[in-house]
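Subject: Structure for your review: aromatic contacts

Dear colleague,

Please find below the structure I am handing over to you. My notes on its aromatic contacts follow.

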Amino acid sequence: MAPELDALRKSINRLMIIFIIGSCCYVLLALAAICGGVYVMFHHHDNSSFHGVYFLAIAGWLMLWQMVVSLRFKTTVPEAYTPITAQQYPELFKLINEVTTTLSLQPVSKVYVCPDAMAAVFILPKFRNIVFKAERQLVIGMGLLSQMDDDELRAVLYHEFGHYAQQEMKNSLSVYTAGQFFRSFVAQVEKSEADAQIKNILNLFTLFAMSMFRRINAQYAKMVKYMEYAADDVARQHVGKATLQRALLHAAHIHFNYGVLQWGKHQLSFGFNMVPDDDYKALSLIGMYSCPPRLLLKAELLKRVERLGELAADTSAPLTMVKDAVHYTPAPLQPGMQYCSAYRFAQWLREGCALYTKRKLRDKSVRLHIHLPHKKRKWVRGESYYTLLLDNKKIGEGNFVKGFSIKKRIAPGKHVLTARAVCAIACVPFTFEVKENHAYRMELDFSFRFFKRHTLEVFVESFECVA
């Protein structure tokens with residue numbers, strides 16, 4: 001694994017250097033255009049024949065301005081994140097300090113809780129963080145705090161902080177920061193009221209940056225898998241294989257049951273104008289009878305568990321000091337609503353849980369394989385990639401040269417496949433219908449329409465049921 005990870009790291013660093021050098025070249029071109037415009041303005045009395053120079057100078061000045069504004073991008077903490085202190089959750093902060101001290105990491109600057117069933121150590125990147133270290137912050141969901149024992153929470157924290165013990169996090173920070181700058185630049189250009197021709201010049205940098213980030217993101221997506229495995233190794237080293245496996249599977253079950261809880265709350269409020277008085281007590285009761293089938297667990301999670309070896313029995317007596325200290329305050333009631341006890345809600349939802357699981361399984365009952373073979377003819381102009389959309393949701397990227405193979409599980413019924421990219425692509429939406437518990441194969445192709453505004457036409461060549 002180490003040679004592959006090292007190769008990915010070097011590839012990302014090389015692409016980031018190319019992006020920075022390319023950006024500097026665009027800056028130099030913009031400065032040259034501005035200097036050319038100033039020179040013509042002061043050294044030529046008859047400026048009627050230099051409108052093109054003035055046009056480029058304006059575009060160059062606007063590009064520099066948009067870049068400077070984009071460097072001041074801001075990232076904010078989501079509204080659902082609520083900061084907490086050591087006085088409110090002393091046992092949790094003891095665990096956090098234990099983990100950071102053991103891994104020789106600096107303490108986190110802030111700790112947040114959110115309603116969901118998730119955990120993450122994150123940063124709020126700024127452009128200066130490419131050089132200077134950013135402050136780490138932790139968010140952990142009430143779904144995990146209220147359901148997991150101390151050993152499981154310790155395993156989760158070792159995994160999350162284990163990412164920051166890896167050298168690859170330096171790549172993550174630089175990629176994320178540069179990506180934020182690029183997205184901010186695109187947003188500034190889209191909001192700009194400049195002339196369409198000037199926007200086209202600005203879009204030259206957009207096309208260059210997008211081309212680079214497609215390549216960077218493709219390499220980074222491969223590296224993320226290895227980073228997850230490395231963080232699991234850190235957690236296994238400190239809490240043991242059995243505890244880590246238990247924590248991973250329990251977190252997956254909590255995440256599924258949290259979805260059951262939210263679905264049940266919606267049904268209860270819509271049908272009876274009631275809400276449970278304690279969401280997380282209800283979540284605990286739901287967990288006594290709700291267990292998601294293997295198909296509804298993420299494939300990557302199962303790989304991580306199986307990679308650790310056979311499931312080991314954990315005979316230790318779990319402590320629940322963090323869980324016992326959790327305090328939950330329900331949101332104020334809306335007009336016309338009333339509380340329902342958590343126990344009564346969980347009992348009412350028992351049959352609904354089976355219905356929810358059945359619907360989720362049905363949504364994944366159809367296997368779809370979308371394929372475009374490697375082409376001998378090559379698309380030599382512009383961007384080689386395009387985005388494939390299923391019902392207006394991204395499902396993957398296509399490549400004109402290398403081809404692609406995308407496998408998805410979808411729900412029975414009618415769907416629409418389309419393609420989208422920055423370069424000129426025409427794609428007639430393909431509507432198809434699939435039946436439950438069947439498998440389908442879709443073959444795509446493309447052709448260059450020179451006399452139709454120089455566009456590439458992506459189309460579905462064949463669609464058939466294979467099982």
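How many aromatic pairs does a search of the whole structure find? The search gives 14 aromatic pairs. Please bear in mind that this is a predicted model. Two of the pairs are described here, followed by a ring cluster and a charge placed over a ring.

Tyr81 and Tyr112 make up one of these pairs, with 6.1 Å from centre to centre and 45° between the planes, a tilted arrangement. Tyr81 belongs to the loop between α2 (51-70) and β1 (82-84), while Tyr112 is part of strand β2 (residues 110-114), so the pair ties together parts of the chain 31 residues apart in sequence. Tyr81 and Tyr112 are both buried.

Phe430 and Phe463 form another pair: the ring centres lie 5.9 Å apart and the planes meet at 70°, which is over the 60° cut-off, so the pair counts as edge-to-face. Phe430 sits in strand β13 (residues 430-434) and Phe463 in strand β15 (residues 455-465), so that this pair links distant parts of the chain, 33 residues apart.

Are these two rings buried or exposed? Phe430 has a relative accessibility of 23% and is therefore partly exposed. Phe463 is also partly exposed, with a relative accessible area of 26%. Both residues belong to a cluster, in which ring pairs link Phe430, Phe432, Tyr440 and Phe463.

Finally, Lys225 lies over the face of Tyr226, at 5.6 Å from the ring centre.

Yours sincerely

Key
Residues are numbered from 1 along each chain as its sequence is written. This is a predicted model: local features need pLDDT of at least 70, side-chain atom pairs count only at pLDDT 80 or more; totals for chains, interfaces and linings use all residues. Side-chain values use heavy atoms; hydrogens and water are left out. Rings of Phe, Tyr and Trp (its six-membered ring) pair if their centres lie within 6.5 Å; planes under 30 degrees apart count as stacked, over 60 as edge-to-face and the rest as tilted. Helices (H or I, at least four residues) and strands (E, at least two) are DSSP runs, numbered from the N terminus. Buried means under 20% relative accessible area, exposed over 50%, partly exposed in between (1.4 Å probe, protein chains only). A charge sits over a ring if NZ of Lys or CZ of Arg is within 6 Å of the ring centre and within 35 degrees of the ring normal.
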